[in-house]
Protein chains: 2
Amino acid sequence: MKKTLQKISDNTIRRLPRYLRALCELEVAGLERVSSVALGGMLGATSSQIRQDLNCFGEFGTQGYGYGVGLLKHAIEDILGKNRRYRSVLIGAGNIGRALMENRFFEENGFEPTAVFDVLPERIGTRIGGVRVFDVRDMPRRLSQFPAEVAVLCVPKDAAQSSAEQAVKLGVRAIWNFTNADICIENARVVVENIHFSDSLMTLGYRLRERQDTANAAQQTDRSA
Amino acid sequence: MKKTLQKISDNTIRRLPRYLRALCELEVAGLERVSSVALGGMLGATSSQIRQDLNCFGEFGTQGYGYGVGLLKHAIEDILGKNRRYRSVLIGAGNIGRALMENRFFEENGFEPTAVFDVLPERIGTRIGGVRVFDVRDMPRRLSQFPAEVAVLCVPKDAAQSSAEQAVKLGVRAIWNFTNADICIENARVVVENIHFSDSLMTLGYRLRERQDTANAAQQTDRSA
């Protein structure tokens, strides 16, 4: 218990879903155990990184045996809270919000969507992925009757901060932020998890440019040789 | 020039878009210069981290003056390749692909979408965000006539690896991967940038659970005291 309460680094947490995917593949392939070297090989990591990451959460491996695939998988699911259920609301029923609801990302990961909120009259009263769209002005009343832990924020950039603050005031404890804006919440107990499409695309642009420049430089060297 | 060719850490690259957002805000607010302390304050980072990150790319700041907002903004845009143009194709015209095309993420970041590919007959021949949807079987012919540097991958998980390999064979140099699957490309020159919705949601679940457990533990301590 003490182990799970210590502060784990963000990078370690972000690697856990990848471990989980690898373990699911191994389980499907019928493997019962895996060494840290083999797991590292699947994930492009060193065995010592694997051991270091997993040691943050307890003692899972045994020297000379490795990790039990099923056991480790269940342990990581537990660490990630995959077996819990969180009620969630979507704020902003535009393209991205709609895509998320219709792809059933929420249910698959234990997040039960209970309501959608939007400002546009033509959206209000419709259903997205089976969930009803309410007027955003009804959010206070609706959330006091049916509290939610998570808000999925898909509003325009300009409305990001105010929508987030309102949601937190209404009891929301975590914000999944798709607005491409940085959100600042004073309450340190509130979790903000960002999907910044633009940041990701810029990172891709950087890597692409970097490799092109390297290739060009190599070509120039060839020519002058 | 030498500076931009050295290998910069992934974490540093991923912070650059956030610097850029902060600098845009400062520019809109009419500020001409900013100290590393102030920039750090905006971003929740220390001034030494800011200086260390930016030093990777050259000498931008001056002791006692700080950074010129406009100059640094342009420099970071340049580093991120924002002023370049990359031709890109979307593979998979489902909800997410459609949302991306219609929100104009690509154009805003210098990625010009030239074609969409899909398998479904009812989608082929239509247009998404003004761009025509072709039969995925026409991809080889189409990409040999109109080469693209970037493929945005929005196909189902099971088709992720094969679609990525095909795109790379057809000359694509970077893959923006929305499939929630890990893609393995042998060619080290190809860039793979992932948006893993499930991973992000699992990370959110972890943080939420962690804070609930901490709160519960604190309550228990209170009660037993």
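Let's start with helix α5 of chain B, whose buried residues pack against α10 of chain A together with α2, β1, α3, α4 and β2 (67-68) of chain B. Those buried residues are B:V69, B:L72, B:K73, B:A75, B:I76, B:E77 and B:I79. Once the helix is done, B:G81 follows with a positive phi, near 70°. Keep in mind as you look around that this is a predicted model.

**Another helix of chain B**

Helix α2 of chain B is a good next stop. It has 19 residues and reaches 28 Å from its first C-alpha to its last, close to the 27 Å expected at 1.5 Å a residue. Its buried residues are B:T12, B:I13, B:L16, B:P17, B:Y19, B:L20, B:R21, B:A22, B:L23 and B:L26. They pack against α10 of chain A, along with β1 (33-34), α3 (36-43), α4 (47-55) and α5 (69-79) of chain B. So what does B:G30 do just after α2(B)? B:G30 takes a positive phi of about 85°.

**Where the two chains meet**

Both helices of chain B have buried residues that pack against α10 of chain A, so let's turn to the contact itself, taking "contact" to mean heavy atoms within 4.5 Å. Chain A puts in 69 residues, and chain B puts in 69 residues. About 6400 Å² of area is buried between the two chains, and carbon and sulfur atoms give 59% of it.

There are also 24 residue pairs in polar contact between chain A and chain B, counting pairs with both residues at pLDDT 80 or more. On chain A's side of the contact, at least two residues each come from α1 (2-5), α2 (10-28), α5 (69-79), α6 (95-102), α7 (105-108), β8 (174-177), β9 (191-194) and α10 (197-224). Which of these supplies the largest share? That's α10(A), with 20 residues. Sorted by type, the residues on the side of chain A that touches chain B are 32 nonpolar, 17 polar and 20 charged.

**Salt bridges**

Over all chains, the structure holds 30 salt bridges. How many of them count between chain A and chain B? The count there is 10. Here are four salt bridges to look up, some between chains and some within one:

| Pair | Closest N to O distance |
|---|---|
| B:R21 and A:D199 | 2.5 Å |
| A:D182 and B:R21 | 2.8 Å |
| A:D10 and A:R14 | 3.0 Å |
| B:R141 and B:D138 | 3.4 Å |

B:R21 turns up in two rows, once with A:D199 and once with A:D182. A:D182 lies in the loop between β8 and β9 of chain A, while B:R21 sits in helix α2 (residues 10-28) of chain B, so this pair joins two chains. Is each partner buried or exposed? A:D182 is partly exposed, at 33% relative accessibility, whereas B:R21 is buried, with a relative accessible area of 13%.

The pair A:D10 and A:R14 stays inside one helix: both residues lie in α2 of chain A, 4 residues apart, which is about one turn of the helix. A:D10 is partly exposed at 34% relative accessible area, and A:R14 is partly exposed too, at 35%. This pair also belongs to a bigger picture, a network of salt bridges linking A:D10, A:R14, A:E193, B:R207 and B:E210.

Over in chain B, the side chains of B:R141 and B:D138 meet in a salt bridge. B:R141 counts as exposed at 55% relative accessibility, whereas B:D138 counts as partly exposed at 27%.

**A buried leucine in chain A**

Last up is A:L153, found in strand β7 (residues 150-153) of chain A. How accessible is A:L153? Its relative accessibility is 0%, and because buried means under 20%, A:L153 counts as buried.

What does A:L153 touch, leaving out residues up to four places away in sequence? Its contacts are A:I91, A:A160, A:S163, A:A164, A:I175, A:W176, A:N177, A:F178, A:T179 and A:I183. As for A:S198, which is 45 residues from A:L153 along the chain, the C-alpha atoms of the two are separated by 16 Å.

Terms used. Residues are numbered from 1 along each chain as its sequence is written. Chains are lettered from A and ligands numbered from 1 in the order in which they are written. Side-chain values use heavy atoms; hydrogens and water are left out. Buried area is the accessible area (1.4 Å probe) that two parts lose on being put together, summed over both. A polar contact is a pair of N or O atoms within 3.5 Å; within protein, one must be able to donate a hydrogen and the other to accept it, and residues adjacent in sequence count only if both atoms are side-chain atoms. Ala, Val, Leu, Ile, Met, Phe, Trp, Tyr, Cys and Pro count as nonpolar, Asp, Glu, Lys and Arg as charged, and the others, Gly among them, as polar. Buried means under 20% relative accessible area, exposed over 50%, partly exposed in between (1.4 Å probe, protein chains only). The expected span of a helix is 1.5 Å times one less than its number of residues.
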